[in-house]
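Me: Please take a close look at a single acidic residue in this model and at the metal site with which it shares a neighbour. I would like one connected account.

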Amino acid sequence: MTKPLYQSLPKAELHMHIEGSFEPELMFEIAARNGINLPYKSITDLKNLYDFNNLQEFLDIYYQGVSVLQTEQDFYDLTWAYLLRAQADHIVHTEIFFDPQSHTDRGIDFDTVINGLYRALMDGESQLGISFGIIACFLRHLPEQAAFDIYPDIVRHKDKIIGIGLDSSELGHPPEKYQRIFAQAKKDGFKLVAHAGEEGPADYIWQAINLLEVDRIDHGNRCLDDAELVKTIVAKNLALTVCPLSNLKLKVVADLKNHPVRTMLQQGIRVTINSDDPAYFGGYLNENFARLQTAIGLSDEEIKQLIHNSFTASFLPPDLIQKHLTRLQSSGHN
Ligand code: HPA
Ligand code: ZN
């Protein structure tokens, strides 16, 4: 049997929280070696909790999982495990998020986190051929001052960090709350992204565009509520990093059959497919394509467009984007 198209094509992933790739098996292993007692009897016990009604229910479990990560090696192992999955899915470039405040607030040194991530990603580049970018996200449920407090650490590692993002609980924490820190980060030359319109309204996407001046929107599903907003996103050629299995698990969509990705493509939006928190949402990147294809019958043309977009929307330099696009074409599929 020939491989499905989404499997055989090289791809980029642009929306994946490294802490959300923490598989229960590795979580238990790291907890044991760090002498930490997880509040779950078994892996099955933990997996039984992966039944979320909204973003917050997921985040509560996600931060609990994060709390076992302590040493540089823990962060290395977490990242390496993701890279092996990425390689199996034929990902050739990945831009990963991490949540520095979720670690420094527990007394873990910023350098411990970034050095573990970076060392694994560098090994992934040389041994697996996967290039990468690292995006440091501010936790939006915390005050803007907390973002300012961690920012000097991010700047200190500017050689390793390409961009700034905004994640965690969206409702009640609009992008405007972070306008000053994003303006500073823009001045300092960071790429900017923000989660917007996952649970929050279209207005949060407007704010991310107009007040934060983001280079990409993470999720952005709710843009379809506002025709003027869609027009603006298309005119600016802003990319959306959409996450189908996440949308299903967090009840952003009731059924993948209602997933808006086709509508987004038809409206001319530069949409990409991503796995978000694959250990929690039921699959890595190819599983997102597979389930979408089953649910809505993605055509070859649609798959090629989504994968093409994953490169053009990346933060790779233009010459490398072109190299990837040429490679896509020469794989005989474009
Ligand atoms: N949404 C918002 N914040 C997050 C997510 C998400 O899916 N995963 C980790 N932090
Ligand atoms: Zn996300």
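Reply: In this predicted model, E198 is buried but forms no salt bridge. The nearest side chain of opposite charge belongs to R140, at 6.8 Å; a salt bridge requires a separation within 4 Å, and therefore R140 does not qualify as a partner of E198.

E198 is placed in the loop that runs between β5 (191-196) and α10 (202-210). Its side chain does have a polar partner: a polar contact of 3.2 Å connects it with the side chain of H219. When neighbours within four places in sequence are set aside, the residues in contact with E198 are L55, E170, H219, R222, S246, L250, V252 and D276.

One of these contacts, D276, leads to the metal site, since D276 (OD) is a protein donor of the zinc ion (ligand 2). The other protein donors are H15 (NE2), H17 (NE2) and H195 (NE2), and the donors lie 2.0 to 2.2 Å from the ion. Along the chain, the donors of the zinc ion (ligand 2) follow the spacing H-x1-H-x177-H-x80-D. Distant parts of the chain are linked in this way: H15 lies in strand β1 (residues 11-17) and H195 in strand β5, 180 residues apart. Both histidines of this pair are buried, H15 with a relative accessible area of 0% and H195 with one of 5%.

As to geometry, the four donor atoms around the zinc ion (ligand 2) subtend angles of 82 to 174 degrees, and the arrangement is therefore irregular.

Conventions
Residues are numbered from 1 along each chain as its sequence is written. Chains are lettered from A and ligands numbered from 1 in the order in which they are written. This is a predicted model: local features need pLDDT of at least 70, side-chain atom pairs count only at pLDDT 80 or more; totals for chains, interfaces and linings use all residues. Side-chain values use heavy atoms; hydrogens and water are left out. Helices (H or I, at least four residues) and strands (E, at least two) are DSSP runs, numbered from the N terminus. Buried means under 20% relative accessible area, exposed over 50%, partly exposed in between (1.4 Å probe, protein chains only). Lys and Arg count as positive and Asp and Glu as negative; His and the chain ends are not counted. A polar contact is a pair of N or O atoms within 3.5 Å; within protein, one must be able to donate a hydrogen and the other to accept it, and residues adjacent in sequence count only if both atoms are side-chain atoms. Contact means heavy atoms within 4.5 Å. Donors are N, O and S atoms within 2.8 Å of the metal (3.2 Å for Na, K and Ca); water is not among the atoms, so sites may look incomplete. Four donors count as tetrahedral if all angles lie between 85 and 135 degrees; four count as square planar and six as octahedral if opposite donors are over 155 degrees apart and all others between 65 and 115; anything else is irregular.
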